[in-house]
There are 2 protein chains.
Amino acid sequence: MKSDIDRLMRERDLDAFIVFGGEEFNSARYYLSNGAKITHGTIVKARDGETLLVCSGIEYAEAQKSSLPVKTSAELGYHDRLQEADNKATAATALFFGDLLRAVGLRSGRVGLYGSWQVNKTIRLYQLLATQSQYEFVAEGSPTVIETAMLTKDAQEIARMKSVARRSNAVMQAVWDFLGGLRQAGEFLLDEAGERVTIGMVKDLARRELMARGLEDTGMIFAQGADGGSPHSRGEADMPLQAGQAIVFDLFPRELGGGYHHDMTRTWCVGYAPPEVQAAYDTVREAFDIAIEAYGLNKPAHLMQEIVQDHFEARGHATSRSDPKTLHGYMHSLGHGVGIDIHERPSISHLARKDIFEIGNVFSIEPGLYYPDQGFGVRVEDLFVIDETGQLVSLTTFRKDLVIPLRDKA
Amino acid sequence: MKSDIDRLMRERDLDAFIVFGGEEFNSARYYLSNGAKITHGTIVKARDGETLLVCSGIEYAEAQKSSLPVKTSAELGYHDRLQEADNKATAATALFFGDLLRAVGLRSGRVGLYGSWQVNKTIRLYQLLATQSQYEFVAEGSPTVIETAMLTKDAQEIARMKSVARRSNAVMQAVWDFLGGLRQAGEFLLDEAGERVTIGMVKDLARRELMARGLEDTGMIFAQGADGGSPHSRGEADMPLQAGQAIVFDLFPRELGGGYHHDMTRTWCVGYAPPEVQAAYDTVREAFDIAIEAYGLNKPAHLMQEIVQDHFEARGHATSRSDPKTLHGYMHSLGHGVGIDIHERPSISHLARKDIFEIGNVFSIEPGLYYPDQGFGVRVEDLFVIDETGQLVSLTTFRKDLVIPLRDKA
């Protein structure tokens, strides 16, 4: 958590770090600035020192809401550097980073670089920084100091994520209620006005329900039939819903304007489930339960994935372990950390062997089976937190029924 | 525009490029993949060759909607590279980039690198790429080949931006209508239910109106009084609206799920305008008209800013040219390109002297005056396109009245 940062810097022999970047959503900056609504801004911190936020004058008022000390780049001499560098922004920035480090008291040492930015700008800046011999600029591998801190959520972060979870569960319920209230006509499903309900209409409803609860969609999946058989297909807006088709609904909203996420998936069949979908769903539910049973505090995360892969392979399904190129069966990670980013550490994958389960981790468990050629996919996903006693606790309380019964049978 | 890319690559002596990155919104990838809804994926293109999109199997179905040729990373041997690199993702990616280049027929040459990614990962990858002696990996300065292509929009892009503009203007009208229908009670403004209307309520309304038109907010500013005197203050959700206060409403939504933006600002006083606000507003409106008069096809963009700075300085206002550290007066760029990114080239700034106005540019013109100590700021912003005849055409048709009259006077 955030309070670990100085210790992590010491362990990795870092004297300071700088977080920078452009207008891309920058989770490291969001995290360290306590969610300040700034589009630019650089953070500099010396080990055991304060975290200084530096921004342009026009963002000063928002930056101050971070509760960090704030200075404007003009105040710290950026404009002089710009002149010195003949108005070349990257060259000026490289010089200015030295000013920033001196502003937090560092005259030499090892400096970590974090943030998100355009790759060409990052490389050019790094090339210029590398010529400043008093500092050694370090590009850490993953998980970095910041990623490691983000890996264990503190009480305040968990409270926010529980709130996002409650609201996401309520949106799921609203969509379930809407679908259960439809009327079947042949294979199609009609709303009160007698119109065929499409995926686009359901997504619009879900977005309105999210917004009414202070959340925003970040690209939900509502994929029916063969589309649900492709794990990251989003679903076709114009496609009409049909009874008895498997629908994969993966909802991963975040706090409005950027912030903490929830992540959950349900698979639904409206009215009835075909036997092959029910069978696959039962196998995935078993995998889900097996994964939870395999949990242990301080256990390597990848073991959980391998037990699930054993389960699927024993039942004749291909996995990305048995065949890395497979496009059916089970071919993704079992889960991933969730927070300000939708994909964080820990990674529950047989290819990532470093992460162990720690108190404060928040991560998804999401086994699935995908048979696009048979016209369906199924996935079930809850978000879990490892609480202060080391217990694995689900934040996703919403029911796991496969079939949404129609209240008004045609 | 996109059709210029091969020519631009030739002019800059680039044999190929690779666009990569993580889950950050990646405008270069969005642009080249025609908006494919993928969270990962790499693009590789040799000069005069096709644009190949490479993604993981689970994103294959969405990637195919790009209308580009698509291959999975498994198909191109990424898993072998991962094994070879002992499961180290960055090392595997560096090797895999060589595979990608060979897949488009390039065995040696100069390769541009574009996209958005975490800075530490970019630097590590670049260090590894630099050891592949058959290729020279190039980090272009701005504007890159991709940014230069994006600088001139084609007919299809302009049609999309006109549609976003029409919908944004309609949202402005909806908010105007709502505010004009309020009832004044003392200094406060009440809705039909007799409740004091807050900034948060207005933003919620604007977001619902955007969503109903297939648009999404990306952080609108609705800042009243002294908050509007700080150009990038977003506005306090809990603050009640008051008659006679200057409100800066800067709306810059984009197509739902990522896509083209509109950008417009109006300054409003509900009921009446105090004389000092009216005077500042008149000066800004003059600046706006002066800027448009200063437009000329192929003229350097920075001249437009300098003429506006002359205008403000002659009337006794500080500018960021006369005092780079000023926090009042006029201290930002006159405008910026708008497209898939909210801030693109051209830059209309006295510090950026490279950009000239070209057919297909879409950019904002947004003079303002800011006096936080006097409790107000004003800004007016339209989005313009340079049409195929070289004319400057506003996409922002919404009225520029300062005062919203109250229909129901208390």
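The following legends describe close-up views of a predicted model. Residues are numbered from 1 along each chain as its sequence is written, and chains are lettered from A in the order in which they are written. Local features need pLDDT of at least 70, side-chain atom pairs count only at pLDDT 80 or more, totals for chains, interfaces and linings use all residues, and side-chain values use heavy atoms, without hydrogens and water.

**View 1. Relation of chain A and chain B.** A turn of 180° with a shift of 0.0 Å along the axis lays chain B on chain A with an RMSD of 0.0 Å, the superposition being by least squares on the C-alpha atoms of residues with pLDDT of at least 70 in both. The two copies are thus related as by a two-fold rotation axis. The same surface serves both copies, as 100% of the contact residues of chain B recur in chain A (contact: heavy atoms within 4.5 Å).

**View 2. Helix 9 of chain A against helix 9 of chain B.** Each helix spans residues 199-212, and the two pack at an angle of about 170° with their axes 11 Å apart. Axes are lines fitted to C-alpha atoms, for helices over the stretch in contact, and angles run from 0 to 180 degrees between N-to-C directions. Helix 9 of chain A is therefore roughly antiparallel to helix 9 of chain B (angles over 145 degrees). R207(A), R208(A) and M211(A) meet R207(B), R208(B) and M211(B) in this contact.

**View 3. The open sheet of chain A and its helices.** Four strands in the order 10-11-13-21 form an open sheet of mixed pairing; strands pair if DSSP finds at least two bridges between them. Strand 10 (221-224) and strand 21 (403-404) are the edge strands, each pairing on one side only. Strand 13 (residues 264-270) runs parallel to strand 21, joined by two bridges, and V270(A) has I404(A) as its bridge partner in strand 21. Helix 8 (residues 155-180) packs on the sheet, touching strands 10, 11, 13 and 21. Helix 9 of chain A also packs on the sheet, touching strand 10 and strand 11.

**View 4. Strand 1 of chain A and its partners.** Six of the six residues of strand 1 (residues 16-21) are buried (under 20% relative accessible area, 1.4 Å probe, protein chains only). A16(A), I18(A) and F20(A) point one way, and F17(A), V19(A) and G21(A) the other way. Strand 1 pairs with strand 5 (residues 109-118) in the parallel sense over six bridges, and with strand 2 (residues 42-46) in the antiparallel sense over four bridges. The bridge partner of G21(A) in strand 5 is S116(A); that of V19(A) in strand 2 is I43(A).

Notes. Parallel < 35°, antiparallel > 145°, perpendicular 65-115°, else oblique. Buried < 20%, exposed > 50% of the residue type's maximum accessible area, 1.4 Å probe, protein only.
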